[in-house]
Amino acid sequence: MHDDIKDSLLKKSRATRSEQRGRIISLTCTAIIVLIVISIFYFVASKGLATFFSNKVNVWDFLSKSIWNPGSTDSHGSPQAGALPMIIGSFGVTLLSAIIATPFAIATAIFMTEISPNKGYKILQPVTELLVGIPSVVYGFIGLSVVVPFVRHTFGGTGFGILAGTFVLFVMILPTVTSMSVDALRAVPRYYREASLALGATRWQTIYKVVLRSATPGLATAVIFGMSRAFGEALAVQMVIGNAVLLPHNLISPASTLTSVLTMGMGNTVMGSAANNALWSLALLLLLMSLVFNLLINKIAKRGRI
Amino acid sequence: MADDKNKIITASDVHLFYGRFEALKGITLDFAQKDITALIGPSGCGKSTFLRTLNRMNDLIPGVTITGNVMLHGENIYAPATDTVALRKEIGMVFQQPNPFPFSIYENVVYGLRLAGIRDRRVLDEAVETSLRQAVIWDEVKDKLNQSALSLSGGQQQRVCIARVLAVKPDVILLDEPTSALDPISSGQIENMLLELRDEYTIILVTHNMQQASRISDKTAFFLQGNLIEFADTKTIFLNPHEKETEDYISGRFG
């Protein structure tokens, strides 16, 4: 009798064993994912940094010069890899599209959560989900055939440029920013609204004095998330931005972004050449920027925790 | 009974339906000015629902229909022309869970004043001090008015919420089980504070705690299953109730 109990206590039960198996499986999967991420990072970094170490491009020149011709060398003998036009192009379309998208997204989110939760949810939820699901090439195609001519007729120029890119990205990030803003507003506890109304606030006062204010970290996260998507979008932007690696002197002159130069150039360079390494440097810059966006989101989330 | 002049709120034949469910079955009840009235009864008896009809907070719940009259200063608050915003400035409410906004203590207290468009820093400063003193929390928070109200303890938060209501200078304060989420010491502090506020405000208090009702209220109303069973001086209710249900409930023999 005693031995039975002792045995069963000392032996691992089936449940324990299966728990161990589960742990091993999930740990392995996690490890593989971490390994993949690290190797991607390592690969991009080693290739991207080669521009600066092997090809002797000055980092500052890379960030501040505006002549992009990494296949040929300048008077000092280093490749002409000035990425400023793309950096300006990328930040230009990202910031502008976020600035236009934010009021639309927040207004829509307010409508869906505060003003007409039932109707708003029924109509807008499927619409936003649909918009997220449209492939970016379709956005680019529409941009090319509708937005570019529209910009050309309204503002002049060829129509290609930062403005067209901004409009396309605006539509592309709108659903993401909207649905994340909706989540942020939904997370505001009901009792904040009740407290405000019970103090004699109107619904609108409650929305902008309490709901929006308490949801600010969440809304900021939504906008930054949209910005990071806009920053990384390649195809649709490439189709409407004009792809001229020149410093844009206005919003309707052909320009380029980090991603558009990458997609245009990656098939046309030889691995290991200076031109190829310069493209990897652009990729590294994109990677670092998405890291910055993630850090920002994390930081805001931490500070905004109630 | 108090004469009509002293009545600040008179509810007559109030029925309330959540969809088809009748939560209040014809409540007729008068509240005298500057009294503390306690509403007691088991959970789900309708006392909180009734409290929320007095400042029309039930309007926020979809599917609620209300019939009957509630008069405040002789005006029917369910008349179509009633401005609920103005009504809620006259009838303040404190909730069961302390619900300060995630702002500073100062901004919490002046919230109602800012709604009214008051910008004068001196007026606001003064209102903050007066209300926090009335809510007996000034000494604890006077050095950290710019800290988040969420950094306070539950009892302190609840007193800040009361100060927030007092700053608007309502005539009536509704309290929906204000101490049920608090420890006995914090509850005691809030009870003492309510006794001090009695001189200036009409207070209507929903409570599960019968000792609390007997300690601080002048009048007590006993609710059961959507009906008002008995309404009388607190002493009468607790020492000499007329109805058998009341007696059963307060002596703990109930259900």
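This is a short walk through chain B of a predicted model, taking its two sheets, one helix pair and the contact with chain A in turn.

I'll start with the six-stranded sheet. It is open, its pairing is mixed, and the strand order in chain B is β6-β7-β8-β3-β9-β10. The edges are β6, residues 91-94, and β10, residues 227-233; each of these has a single partner strand, so one side of each has no neighbour in the sheet. Averaged over neighbouring strands and ignoring direction, the turn from one strand to the next is 15°.

Helix α1 of chain B, residues 47-54, packs on this sheet. The strands that α1 touches are β3, β6, β7, β8 and β9 of chain B, and the helix direction makes about 150° with that of β8(B).

Now the pairings, working along the sheet. β7(B) and β8(B) run parallel and are joined by five bridges. If you want a residue to find this on the display, B:D176 has B:V206 in β8(B) as its bridge partner. On to β8(B) and β3(B): these are also paired in the parallel sense, over four bridges, and here B:I36 is partnered by B:I203 of β8(B). Then comes β3(B), residues 36-40, with β9(B), residues 219-224; that pair is parallel and has four bridges. B:L39 is matched there with B:A221 in β9(B).

Let me stay with β8(B) for a moment. How many of its five residues are buried? Five of the five, so the strand counts as mostly covered. Taken by face, B:T202, B:I204 and B:V206 lie on one side, B:I203 and B:L205 lie on the other, and both sides are covered. Two of those residues have come up already: B:I203 as the partner of B:I36, and B:V206 as the partner of B:D176.

Next, the other sheet. This one is open too, with four strands in the order β2-β1-β4-β5 of chain B, and the pairing is antiparallel. β2, residues 21-32, and β5, residues 75-76, are the edge strands; each has a single partner, so one side of each is without a neighbour in the sheet. At the β5 end, β4(B), residues 64-72, is joined to β5(B) by two bridges, running antiparallel. B:M71 has B:N76 of β5(B) as its bridge partner.

Now the helix pair, α5 and α7 of chain B. α5 covers residues 121-134 and α7 covers residues 154-167; their axes come within 8 Å and cross at roughly 125°. That angle makes α5(B) oblique to α7(B). The crossing is right-handed. Which residues make the contact? From α5(B) they are B:A127, B:S131, B:L132 and B:Q134, and from α7(B) they are B:A163, B:L166 and B:A167. By type, that gives five nonpolar residues, two polar and no charged.

Last, the contact between the chains. Chain B contributes 19 residues and chain A contributes 14. On the chain B side, α2 (84-90), β6 and α4 (111-115) each supply at least two residues. So β6(B) appears twice in this talk: as an edge strand of the six-stranded sheet, and as a contributor to the side that touches chain A. The residues of that side of chain B are 11 nonpolar, five polar and three charged.

That is the end of the walk-through.

Terms used:
Residues are numbered from 1 along each chain as its sequence is written. Chains are lettered from A and ligands numbered from 1 in the order in which they are written. This is a predicted model: local features need pLDDT of at least 70, side-chain atom pairs count only at pLDDT 80 or more; totals for chains, interfaces and linings use all residues. Axes are lines fitted to C-alpha atoms, for helices over the stretch in contact, and angles run from 0 to 180 degrees between N-to-C directions. Angles under 35 degrees count as roughly parallel, over 145 as roughly antiparallel, 65 to 115 as roughly perpendicular and the rest as oblique. A crossing is left-handed if the near helix is turned anticlockwise from the far one by less than a right angle, and right-handed if clockwise. Two residues are in contact if their C-beta atoms, placed from the backbone, lie within 7 Å. Ala, Val, Leu, Ile, Met, Phe, Trp, Tyr, Cys and Pro count as nonpolar, Asp, Glu, Lys and Arg as charged, and the others, Gly among them, as polar. Two strands pair if DSSP finds at least two bridges between them. A residue is buried if 20 or more other C-beta atoms lie within 10 Å of its own, exposed if 12 or fewer, and partly exposed in between; C-beta atoms are placed from the backbone.
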